[in-house]
Structures are given as structure tokens and as C-alpha cells.
Amino acid sequence: YTFTLAGNAADQAARAAAVGESAADAARRDLPGAWASGMSGPDVTHTADGQVEVTLGLKVPVLFPGAIDFPVTVHGHAGTVDERGTEDAP
């Protein structure tokens, strides 16, 4: 489940970054609280070839507090076309 959430959060972050909005806000928008509080990143890169790439990490939350702790981070990565400034294109 964390893998699915990480991929979706990265997709949302990339889309937001592509249009000049906050990637972090977009990534957290749909995450349940336990996953949102354990998110690292997102790291946003605008590449020279007109792409936006985002990588973030989500910690797998504790299922039974005090009994089981998963020291695992699932990474999500997504990319899309950088749309910033395209309104000036011919």
C-alpha cells in the first residue's frame, strides 16, 4: 500500500512542479496522516531537456505501536513535461 501511495504522491508532486505550484503540498494532499508525517522530500529536478522529475520517500508506518517497527522507506519517482513558461511559446 505504501508503494502505491508513494507513486501517486510523486505523480501529484511532479504535476504541481510542472506548472509552478508547490510539489510538497501536492504530494501530501491525498496522503493519510501516518504516511504524510513520514514523508521525506520531495526532491524536484527541472532537467535541461524540459522535464520535471520528482523523488520522495514514505516511511512504512508502525502497524502496532510499541510492538512492530518497520524501518523501511518506500521511494516514489515520477516525471512529466515542464509546462512553466510554455504560454510564451509560439
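1. The sheet first. In this predicted model, three strands make an open sheet in the order β1-β2-β3, with antiparallel pairing. β1 (39-46) and β3 (73-81) sit at the edges with a single partner strand each, so one side of each has no neighbour in the sheet. From one strand to the next, the twist averages 15°.

2. A closer look at β1 and β2. These two strands run antiparallel and are joined by six bridges, with β2 covering residues 51-59. If you want to check the register on screen, Asp43 has Thr55 as its bridge partner in β2, and Ser40 has Gly57. The hairpin leaves four residues between the strands, and there Gly50 takes a positive phi near 80°.

3. Now the helix over the sheet. α1 (residues 2-18) lies across β1, β2 and β3, and runs at about 35° to β3. How far apart are the end C-alpha atoms of α1? They are 24 Å apart, which agrees with the 24 Å that 17 residues should span at 1.5 Å a residue. Just after α1 comes Gly20, with a positive phi of about 85°.

4. What α1 buries. The buried residues of this helix are Thr2, Leu5, Ala6, Ala9, Ala10, Ala13, Ala14, Ala16, Ala17 and Ala18. As a reminder when reading that list, an α-helix has 3.6 residues a turn, so residues three or four places apart point the same way. The buried residues of α1 pack against α2 (23-29), α3 (33-36) and the strands β1, β2 and β3.

5. The core. The largest nonpolar core has 20 residues, and the members that touch the most others are Ala27, Leu31, Met39, Leu56 and Leu58. At least two residues of this core come from each of α1, α2, α3, β2 and β3. The largest share is from α1, which gives eight residues.

6. Met39 is worth clicking on. Setting aside residues up to four places away in sequence, what does Met39 touch? The list is Ala24, Ala27, Arg28, Leu31, Leu56, Gly57 and Leu58. Among these, Ala27, Leu31, Leu56 and Leu58 are, like Met39 itself, in the group of core residues that touch the most other members.

7. Aromatics. The count comes to one aromatic pair. The ring centres of Tyr1 and Trp35 are 5.3 Å apart and the planes are at 80°, so this pair is edge-to-face; planes over 60 degrees apart count that way. Tyr1 is in the segment before α1 and Trp35 is in helix α3, so the pair ties together parts that are 34 residues apart in sequence. Are the two partners buried or exposed? Tyr1 counts as exposed, at 63% relative accessibility, whereas Trp35 counts as buried, at 15%. The cut-offs behind those labels are over 50% for exposed and under 20% for buried.

8. Last, Val81. This residue belongs to strand β3, one of the two edge strands. Val81 has a relative accessible area of 47%, so it is partly exposed. Which residues does Val81 contact, leaving aside its neighbours within four places in sequence? They are Ala18, Gly50 and Gln51. Two of these have come up already: Ala18 is among the buried residues of α1, and Gly50 is the positive-phi residue in the hairpin of β1 and β2. Val81 also lies 6.0 Å from Val52, C-alpha to C-alpha, although the two are 29 residues apart in sequence.

How values were computed: Residues are numbered from 1 along each chain as its sequence is written. This is a predicted model: local features need pLDDT of at least 70, side-chain atom pairs count only at pLDDT 80 or more; totals for chains, interfaces and linings use all residues. Side-chain values use heavy atoms; hydrogens and water are left out. Two strands pair if DSSP finds at least two bridges between them. Axes are lines fitted to C-alpha atoms, for helices over the stretch in contact, and angles run from 0 to 180 degrees between N-to-C directions. Contact means heavy atoms within 4.5 Å. The expected span of a helix is 1.5 Å times one less than its number of residues. Buried means under 20% relative accessible area, exposed over 50%, partly exposed in between (1.4 Å probe, protein chains only). A nonpolar core is a set of buried Ala, Val, Leu, Ile, Met, Phe, Trp, Tyr and Cys residues joined through side-chain atoms within 4.5 Å. Rings of Phe, Tyr and Trp (its six-membered ring) pair if their centres lie within 6.5 Å; planes under 30 degrees apart count as stacked, over 60 as edge-to-face and the rest as tilted.
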